[in-house]
Amino acid sequence: MTNDNIVEPIQNQENPLEDVQVWSQRLIGKTIVFDNVAITEETFHKRDLPEVNRVLRPNDPATRDYRRERLNVITDDNYKVTSVYYG
């Protein structure tokens with residue numbers, strides 16, 4: 001079951017800024033859930049992110065490799081999304 005509010009946009013390789021803006025509008029302020037729990041207006045399932053993604057909380061270790069197709073989702077300690085970018 002997927003969240004109808006989170007529909008994966010086509011990754012726009014010609015204009016990745018446009019794509020990241022779409023993801024930002026859909027995710028910032030919402031909380032990521034990982035289990036099979038009911039979705040609300042304030043939450044979304046991690047499985048609804050693009051296949052290549054990385055969710056990072058404060059102080060999480062992260063590699064510094066650049067992967068232009070990887071959606072990075074930055075959250076607070078409670079998995080509430082604060083920013084989104086590719087790389």
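Let me start with Phe 34, which in this predicted model is partly exposed, with a relative accessible area of 45%. Tyr 79 counts as partly exposed too, at a relative accessibility of 25%. I take these residues together for a reason that has to do with their rings, since the structure holds one aromatic pair. The rings of Phe 34 and Tyr 79 have their centres 4.9 Å apart, and because their planes stand at 75 degrees, the pair is edge-to-face. If you look for these residues along the chain, you will find Phe 34 in the loop between β1 (31-33) and β2 (43-45), while Tyr 79 sits in the loop between β4 and β5, so the pair ties together parts that are 45 residues apart in sequence.

Let me now step back to the chain as a whole. Which order do the helix and the strands follow along the sequence? The chain has one helix and five strands, and reading along the sequence gives the pattern α-β-β-β-β-β. Of its 87 residues, 34% count as buried. The chain exposes about 5800 Å², and carbon and sulfur atoms supply 48% of that area. If we take the contacts between residues at least 6 apart in sequence, 35% of them join residues that are at least 24 apart.

From here I would like to go inside, and Val 20 is a convenient place to begin. This residue lies in helix α1, which covers residues 16-27. Is Val 20 buried or exposed? Its relative accessible area is 12%, and since buried means under 20%, Val 20 is buried. Leaving aside residues up to four places away in sequence, Val 20 touches Val 84, Tyr 85 and Tyr 86. Please also look at Leu 71, which is 51 residues away from Val 20 in sequence, although the C-alpha atoms of the two residues are 8.2 Å apart in space.

Both Val 20 and Leu 71 belong to the largest nonpolar core, which has 12 residues in all and also includes Trp 23, Phe 44 and Val 84. Helix α1, strand β4 (71-75) and strand β5 (81-86) each supply at least two residues of this core. Another member of the core is Val 73, and if we again leave out residues up to four places away in sequence, Val 73 touches Leu 27, Ile 32, Leu 49, Arg 54, Val 55, Leu 56, Val 81 and Ser 83.

Finally, I turn to the charged side chains. How many salt bridges are there? The count comes to two. In one of them Asp 65 is joined to Arg 70, with the closest N and O atoms 3.7 Å apart. The partners of this bridge deserve a careful look, because Asp 65 is partly exposed, with a relative accessible area of 36%, whereas Arg 70 is buried, with a relative accessible area of 6%. There is also a bridge between Glu 69 and Arg 67, where the closest N and O atoms are 3.0 Å apart. Here Glu 69 is partly exposed, with a relative accessible area of 29%, and Arg 67 is partly exposed as well, with a relative accessible area of 34%.

Note on methods
Residues numbered from 1 in each chain as written. Predicted model: local features only at pLDDT ≥ 70, side-chain atom pairs only at ≥ 80, totals over all residues. Heavy atoms only, no water. Helix = DSSP H or I, 4+ residues; strand = E, 2+ residues; numbered from the N terminus. Buried < 20%, exposed > 50% of the residue type's maximum accessible area, 1.4 Å probe, protein only. Contact = heavy atoms within 4.5 Å. Areas by Shrake-Rupley, 256 points an atom, 1.4 Å probe, with all protein chains shown as cover. Core = buried A, V, L, I, M, F, W, Y, C linked by side-chain atoms within 4.5 Å. Salt bridge = Lys/Arg side-chain N within 4 Å of Asp/Glu carboxyl O. Phe/Tyr/Trp six-rings, centres within 6.5 Å; stacked < 30°, edge-to-face > 60°.
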